Amino acid sequence: MAAVGTGHGAPTRRAVLTAGLAAVATTAALTAGCTRHGPPDDGRAPQEATPTPTPGARHTATGPVLAVKIDNVAAARPQTGLDAADVVYAEQVEGGLSRLMAVYATELPDVVGPVRSARESDLELLRQFDRPTLAFSGAQKRLLPLIDKAPLRPESPAEASRAYFRGTGRPAPHNLYLRPAELMDGAPGRAALTTGFRYGPAPAGGTATTARTVRYPAARFSFTWSAARNRWLVSMDGTPAKTTAGTRPAPATVVVQYVRVTKSSYHDVLGNYTPFTHTVGTGKAEVLRDGRSYEATWSRPQATDGTTFTSPDGSPMEFADGQVWVVFARA
């Protein structure tokens, strides 16, 4: 298990690079699922084990949510702080792999990670929040101006070096972690979750469901109902998901949201185009809660709107109280 303590007894640059020698092969670029130009993590993540604090560089904000891009390849697991998120979005990236975006409003864990790079789709997805803070390791050079112009607060290691550190036990780039307290004065509260989701009693009907799997070309998510916990237990690529604290992510509601996925204008060093996940529009969805599956329709007319879900009879689809996972699947 990787150590992610917040101490400063981390390896030197030489140790980090030595540990990552096996990852410099061409195939590793695909496994990492991250566009690379120059240094790892798009050249914006610090390569030293612990960034050098910059006097006066601590930026804090209370009000908007904190959204963190989280690595999700095998080398990045187990993740840290994932179970504290209010909403976890799963999207497809290059090579058919997956990446997560965790959104925090009601609780800020001490540490979150591993943190990875942003994608163009994230900018559309995050428009539903009021100037959210986006924590990410970097982005492709041509995407950086769009991030800077987006109505959000970008906080990569370039903007807030003291908020990030390199954990031990893993090679870069799978060992970059965030201390949310260095970016936020505190959790903004549930009112900041302007997702459009509604919470309440389960609707009538539905189909008894014990398990559901969503597949990407090179990744898959499985959710197994636990009556004992009244939650869906998460597995990734066939392995039960756990955090570094030993807990299993267990959302109360899982949404399989069917969306258009097209090619963006960005690609990795192997020529694999970054998928663009369209989260504005309308389409079909499947909502899992309380051990049952419900058909639904999702709608988000404009980027600044939240996403609403309705039952076939037109009534609002309500989610179970607790963490929500939204897995974007190709329509």
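This tour goes through some aromatic rings and then a small set of strands, with a suggestion of what to select at each stop.

The model is predicted, so local features need pLDDT of at least 70 and side-chain atom pairs count only at pLDDT 80 or more, while totals for chains, interfaces and linings use all residues. Residues are numbered from 1 along each chain as its sequence is written, and side-chain values use heavy atoms, with hydrogens and water left out.

Begin with F223 and W325, whose ring centres lie 6.0 Å apart with planes at 75°, so the pair is edge-to-face. Rings of Phe, Tyr and Trp (its six-membered ring) pair if their centres lie within 6.5 Å, and planes under 30 degrees apart count as stacked, over 60 as edge-to-face and the rest as tilted. The whole structure holds 10 aromatic pairs by this search. F223 belongs to strand 11 (residues 219-226) and W325 to strand 21 (residues 324-330), 102 residues apart; strands here are DSSP runs of E with at least two residues, numbered from the N terminus. Both F223 and W325 are buried, that is, under 20% relative accessible area with a 1.4 Å probe, protein chains only.

Next, select F197, Y199, F309 and F319, which form one aromatic cluster.

Finally, show strands 10, 11, 12 and 13, which make an open sheet in the order 10-11-12-13 with antiparallel pairing, where two strands pair if DSSP finds at least two bridges between them. Strand 10 (211-216) and strand 13 (239-240) each have a single partner strand, so one side of each is left without a neighbour in the sheet. Look also at S235, which stands opposite P240 in strand 13.

Notes: Helix = DSSP H or I, 4+ residues; strand = E, 2+ residues; numbered from the N terminus. Buried < 20%, exposed > 50% of the residue type's maximum accessible area, 1.4 Å probe, protein only.
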